[in-house]
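Trainee: Could you take me through one part of this model slowly, chain A and whatever it leans on? I'd like the picture built up piece by piece.

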Amino acid sequence: MTDALAGLEVPGPTVTPLTEPFWAEAGAGGLSIQRCGSCGRAVFYPRAICPHCWGDALRWEAASGQGRLKSFSTVRKPGHPGWLPAAPYTVGLVELAEGPVMLSLILPGPRPVRVGDALVLAPTDIGGRVLPVFRLDATA
Amino acid sequence: MKGQAAIVGVGELKPVRRTGGVTTLELIARVAREAALDAGLEPSGIDGLLVGPQVGLTPQHVPATVAEYLGLKPTMANVVDLGGASGAGMVWRAAAAIDAGMCDAVLCVLANHRDDAAPRSPNRNPIREFDVPFGASGANVSYALLMQAHMAAYGCKAEDYARIAAAARANAQRNPDAIFYGKPSSVEDVLASPMVAEPLHLLEIVMPVAGGEAVIVASAARARRSPRPPVHLLGAGEKVTHRAVSQASSLTSGPLKPAMARAFGQAGLGARDVDLLSLYDCYTIMVATTLEDAGLCPPGGFGAFVRDNGLGFDGTAPLNTHGGQLGFGQPDLAGGMTHVVEAVRQLRGEAHGRQVRNARTALVTGNGATMGEATALVLGAAA
């Protein structure tokens, strides 16, 4: 699966100056999120102001990489043809331990995933870029 | 909605899969003409214009482009950009503009051409940056995620959702214009159709078509001179919460819940009081969640509701008597307006071959994005 993912010809992120730290950290195998200096809440995806209180003192921090699966879908007919060689594959909504939810790829594991499963960050090469994807957390 | 504005004209194009070089502007013109004829209005009597966010590939100056093509010189013109909620969203905006004294008769129009090679979206937005790189392109995945979460929360069965698609197909057999006219599907057919994005089957997803829909909303004074029975806007509600499904505050209840509550509050009616449910149905899960958000059944209880009620024109809960978009086809943004047009037909008593007996009131919903754009209307027949 992971070799197949590395060889995909799929669209990568459309990075902007504001989001560049997120993707730089992702490329290095990490996961960065923002935290609001005013209300203290974690923010994802990266923004210019906090969507909770509109504070503009957002700072980057390393996320724990722990999460919980809110929902998932195993995609059999991808919306983008570049993903066809990887189908079926699973995408999921990952509720990060810090609070925000991100959409990500869920790698195949020892059993099918279920809503509520504990997940852990598993940086993986997709189409030549290391992206922050997740897998079942065997230790949970 | 304290004003007396009413829908006085409707137009609808029979959906087709391909338009072979016909432009969106041509389709807008044809369906606008049909609505004006239905309303008994000369073009000079139309002084308001609401359009979708683009015509063909033209994303800017859309109201002026459409007005020029149609030879209109409106005193109120705007874009309504609420995805599948745009059609319903236009109706209350038109009424509000009339009440504000800006215009007297508003053309609300949506249409789309459809060719073989649809260009990929040039979007640069958070979904493109943060969802697409992980393999989540298009609405199917988003609604699959909503459906999976709904199933996990309440234990609803695949057959329950499939029954919504089968009922839509059954209703489409009463609408010769529906893309699936002559093509009914059973619950078993739906469940046997290919899995697109689990748990969504192919037949739980609308078929994209080309088409066009138009309604004309007019002042009470003009409505009194209308050749057809006017259909009154009794209440409206709207709520916009998010674009990407990851940013939804709930996966099992949506912004239609407060939107419908506002619409019913304005109308002085409850969900159980209406004679027709004209509910936005891009996917089966959307109808399930809307029935629950309307309070017609408890959360997770839609399965019993659709099992225990007849959803046809002669049933105990007539739902999408035109076939819904699941049976009629989805002409892009105009798909949401099919629910308005069908409600008008029913409330006029002109839904030939599928008329709900003594239909006096209807709930119309629109939904856009990933269950993040919501508009609800309560419509009433002329007194």
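Mentor: Let's fix one term before anything else: a residue is buried if 20 or more other C-beta atoms lie within 10 Å of its own, with C-beta atoms placed from the backbone. On that count, 36% of the 140 residues of chain A are buried. Keep in mind that this is a predicted model.

Now the overall make-up. Chain A holds 2 helices and 10 strands, and reading from the N terminus the two kinds come as α-α-β-β-β-β-β-β-β-β-β-β. Its radius of gyration is 15 Å, close to the 14 Å that the globule rule gives for 140 residues, so chain A is as compact as a globular protein of that length. Along the principal axes, the C-alpha atoms fill a box of roughly 45 × 35 × 25 Å. If you take the contacts in chain A between residues at least 6 apart in sequence, 52% of them join residues at least 24 apart.

On to the strands. Three of them, in the order 2-1-3, make an open sheet in chain A, and the pairing is antiparallel. At the edges sit strand 2 (42-43) and strand 3 (58-62) of chain A, each pairing on one side only. Strand 1 of chain A covers residues 32-36 and is joined to strand 2 of chain A by 2 antiparallel bridges. In that pairing, A:R35 stands opposite A:A42 of strand 2. The hairpin of strand 1 and strand 2 of chain A has 5 residues between the strands, and there A:G40 takes a positive phi near 80°. With strand 3 of chain A, strand 1 of chain A pairs over 5 bridges, again in the antiparallel sense. One pair to find on screen is A:Q34 with its bridge partner A:W60 in strand 3 of chain A. If you're following side chains by eye, remember that in a regular strand they alternate between the two faces of the sheet.

Another hairpin comes further along. Strand 5 (residues 89-96) and strand 6 of chain A run antiparallel and are joined by 6 bridges. A:E95 has A:V101, in strand 6 of chain A, as its bridge partner. Between these strands lie 4 residues, and in this hairpin A:G99 has a positive phi near 125°. Strand 6 of chain A (residues 101-106) is mostly covered, with 6 of its 6 residues buried.

What does chain A lean on? 30 residues of chain A are in contact with 27 residues of chain B. On the chain B side, the elements giving two or more residues are helix 4 (126-130), helix 5 (139-154) and strand 5 (195-197) of chain B. Helix 5 of chain B gives the most, with 7 residues. Sorted by class, that side of chain B has 16 nonpolar, 6 polar and 5 charged residues.

While you're in chain B, have a look at its interior. The largest nonpolar core has 172 residues, and B:V91, B:V106, B:V215, B:I216 and B:V217 have the most contacts inside it. Leaving out residues up to four places away in sequence, B:V217 touches B:A5, B:I7, B:V91, B:A94, B:A95, B:I98, B:V106 and B:C108.

B:A6 is worth a click as well. B:A6 belongs to strand 1 (residues 6-12) of chain B, and it counts as buried because it has 25 C-beta neighbours inside 10 Å. Setting aside residues up to four places away in sequence, B:A6 has contacts that include B:A218, B:A220, B:P230 and B:L233. B:A6 and B:R224 are 218 residues apart in sequence, yet their C-alpha atoms are 9.5 Å apart in space.

Last stop, helix 13 of chain B, residues 334-348. At 1.5 Å a residue, its 15 residues should span 21 Å, and the end C-alpha atoms are 21 Å apart, which agrees. Of those 15 residues 14 are buried, so helix 13 of chain B is largely enclosed by the rest of the structure. Just after helix 13 of chain B comes B:G349, with a positive phi of about 75°.

Conventions. Residues are numbered from 1 along each chain as its sequence is written. Chains are lettered from A and ligands numbered from 1 in the order in which they are written. This is a predicted model: local features need pLDDT of at least 70, side-chain atom pairs count only at pLDDT 80 or more; totals for chains, interfaces and linings use all residues. The expected span of a helix is 1.5 Å times one less than its number of residues. A residue is buried if 20 or more other C-beta atoms lie within 10 Å of its own, exposed if 12 or fewer, and partly exposed in between; C-beta atoms are placed from the backbone. Two residues are in contact if their C-beta atoms, placed from the backbone, lie within 7 Å. Ala, Val, Leu, Ile, Met, Phe, Trp, Tyr, Cys and Pro count as nonpolar, Asp, Glu, Lys and Arg as charged, and the others, Gly among them, as polar. The radius of gyration is taken over C-alpha atoms; the globule rule is 2.2 Å times the number of residues to the power 0.38. A nonpolar core is a set of buried Ala, Val, Leu, Ile, Met, Phe, Trp, Tyr and Cys residues joined through C-beta atoms within 7 Å. Two strands pair if DSSP finds at least two bridges between them.
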